[in-house]
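User: I would like a close look at one part of this model, followed by whatever else in the two chains can be described with the same care. Please take the time to connect the details.

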Amino acid sequence: MSTVDLEAKIPNNVGLRDNKRLLMALEKWQPAFLRWWKDVGPSDFNRNDIYLRTAIGVGQGGWAHFDYVKMPDYRWGIFLADPVADRKIHFGDNIGAPVWNEVPGEMRNRLRRLIVTQGDTEPASVEQQRMLGHTAPSLYDMRSLFQINVEEGRHLWAMVYLLHTHFGGDGRDEADALLDRHSGDADNPRILQAFNYPIDNWVDFFCFTTFTDRDGKYQLASLAESSFDPLARTTQFMLTEEAYHMQTGENGLGRIIKRTAELHAAGKDPQTEGAIPLEMLQRYVRHWASASMDLFGGEDSTNAAEAFASGLKGRYREGDGIYKDPKALQQSYSLEVPTSDGRIETKDIPLRRAMNAVLLDAYIADCKRIVERWNRELEKLGVSFRFSLPDHKFNRHQGVYAGFRFSPEGKLIDAATWEAHLTEWLPKQSDRDYVKSCMHPVYERGKYANYIAPPSQGANNQPVDCEYVKFN
Amino acid sequence: MTNRLCYVCEGGDCTEKGSGDLFEKLRDLVHQFDPLQQRIKIRRYPCFGACEQGVNVTLYPDRIFYSVVTEEDLPAIAAHIEGKGAPVEQLTGKVKPDVEQIIWDMLDSPY
């Protein structure tokens, strides 16, 4: 087990104390990070005591310490999963060779781009969500929001550590730029478009953490297989924190669904009670699921093939040995491709080129599990409505389906049909206005906004009516 | 290297029911007869979606889905993994077949 230095200015288990040059560089970056948090992090609430989990190590059970903390005092640290002795590359062209502890020269640019793109999403989501505390539906949810925000901040630290340690002056410049770009900034926006829209209501927030953070999970999981061992170990530990973010979304939407279903079961109209109608929620699910699928990139991608071949990114759970061919040279992937004359044809592409599609398939199966879970709750409450996940071709702006129109069931349609059904399939302005009208803060201990059911359990075995946020 | 896997769910509900401890204890039990993970790899899994029936544990490719697993069940599960006992029948069949199928679909890769 690695030694954790909790007393250092930057808590870490990477031996920063013994690397003065790196320590100085990171200590120079730290005030800039804190300024960024103050300027564009959570608006207000920084003087309140929040019941937060702080990572203090990487071992089972010991990595999460709960206490009341003011967010600016949160101990953002650098933690890597413990190394595996004699770890070997387990996929791609270099299978069987020792993993790399330094960046191979020929991989430098590609790897830096991967880390910068991943790193850019972390502060971006904090910026997107900065106003949500003002409309929190309960103290429990407010705590969850801030837990996610501080951990996304820690994930930024994780990526900045890699940039500073392995990419010299270029890496330091990239680390600075991660704080210079801002979500929605017209002149200097975040790299991925999905991270440039404000998340200003809790339906969008729970959808984001369910679907978009889940894309992040699959991207991190593919990097956790990486032959560049520091990246693999960093992302492995990030995944343990990311799990909570996705549960917040999945359970949050589940609680909204439950509240609406309870009103239905009681013979009440959800909309007159200030709850979210299920049909409206379905439109939000379609929007966020399809937008998040775009983040996986092109289904047929030579970049993805090269990242796999060179050992930078593996498939989901590649290390578990669930794939038949760890080199992915023997098989092809059947991809549905729209043609210009309005048909869909199946095209076989080499499996390596389909790595984004393979990762997307794993993501879709996971999302299907979530939707089925919500539907079981509806069944239990005697409500006939059922949620569905849109087909992977629906509403896509990246990849082979971009520029074509598909119904939520995956049927190729013309532009007129699309326009005629658009407001039935995706959130319309009246939906957004209604959701906005439901967003009122509930700061009273143990109370919940009328559109959301209380959670079944509190955080860290605390009661549901715990004073998760103390207003000073 | 073996491709046999035992996944212990670490979703929110299963974690609340102590899946973290169960994972460690099962791993320790299996370690006694398989220290190098040559017969099976014990891993955590983010969520199986059968939250009401947690803690959930699966064996793959055996396609055995154990539910409502407690610490007392671990020796029997470990014995089955070792080949010294039958699957623990009383822990199976508690989850709807379609929920189970979603999990196998997630784990089955055509590649």
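Which elements of chain A do the buried residues of α11(A) pack against?

Analyst: This is a predicted model, and the description below should be read in that light. The buried residues of α11(A) pack against two helices of chain A, namely α5 (202–223) and α7 (278–294). The residues in question, in a helix that spans 429–438 of chain A, are Asp431(A), Val435(A) and Cys438(A). They lie on the same side of α11(A), because the arc they cover around the axis is only 55°. An α-helix has 3.6 residues a turn, so residues three or four places apart point the same way. The other side of α11(A) carries exposed residues, and these are Gln429(A), Ser430(A), Asp433(A), Lys436(A) and Ser437(A). The helix can thus be read as having a buried side, with Asp431(A) among its residues, and another side that is exposed.

Further along chain A, the loop between α11 and β7 (469–470) holds Asn461(A), a residue whose phi is positive, at about 65°, although it is not a glycine. Asn461(A) counts as exposed because it has 9 C-beta neighbours inside 10 Å, where the cut-off for exposed is 12 or fewer.

Chain B offers a counterpart in Gln37(B), which is likewise not a glycine and has a positive phi, near 55°. Gln37(B) sits in the loop between α2 and β2 of chain B, and it is classed as partly exposed, with 15 other C-beta atoms within 10 Å.

The two elements that flank this loop also take part in the sheet region of chain B. The sheet itself is open and is formed by 4 strands in the order β2-β1-β3-β4, with mixed pairing. Its edge strands, each of which pairs on one side only, are β2 (41–45) and β4 (64–66) of chain B, and from one strand to the next the twist averages 20°. Strand β1 of chain B, residues 5–9, runs parallel to β2(B) and is joined to it by 5 bridges; within this pairing, Cys9(B) has Tyr45(B) as its bridge partner in β2(B). Helix α2 of chain B (residues 19–33) packs on the sheet, where it touches β1 and β2 of chain B, and its direction makes about 155° with that of β1(B).

Two loops that adjoin strands of chain B contain cis peptide bonds. One of these bonds joins Gly54(B) and Val55(B), with omega at about 5°, and Val55(B) belongs to the loop between β2 and β3 (57–60) of chain B. The other runs from Tyr60(B) to Pro61(B), with omega near 10°, and Pro61(B) is placed in the loop between β3 and β4 of chain B.

Finally, some of these elements of chain B also meet chain A, in a contact that takes 21 residues from chain B and 23 residues from chain A. On the side of chain B that touches chain A, at least two residues each come from α1 (12–16), α2, β2 and α4 (97–107) of chain B, and α4(B) gives the most, with 5 residues. Sorted by class, that side of chain B has 9 nonpolar, 6 polar and 6 charged residues. Helix α2 of chain B therefore appears in two settings by the contact definition, since it packs on the sheet and also supplies residues to the side that touches chain A.

How values were computed
Residues are numbered from 1 along each chain as its sequence is written. Chains are lettered from A and ligands numbered from 1 in the order in which they are written. This is a predicted model: local features need pLDDT of at least 70, side-chain atom pairs count only at pLDDT 80 or more; totals for chains, interfaces and linings use all residues. Two strands pair if DSSP finds at least two bridges between them. Axes are lines fitted to C-alpha atoms, for helices over the stretch in contact, and angles run from 0 to 180 degrees between N-to-C directions. Two residues are in contact if their C-beta atoms, placed from the backbone, lie within 7 Å. Ala, Val, Leu, Ile, Met, Phe, Trp, Tyr, Cys and Pro count as nonpolar, Asp, Glu, Lys and Arg as charged, and the others, Gly among them, as polar. A residue is buried if 20 or more other C-beta atoms lie within 10 Å of its own, exposed if 12 or fewer, and partly exposed in between; C-beta atoms are placed from the backbone. The arc is that of the directions from the helix axis to the C-beta atoms.
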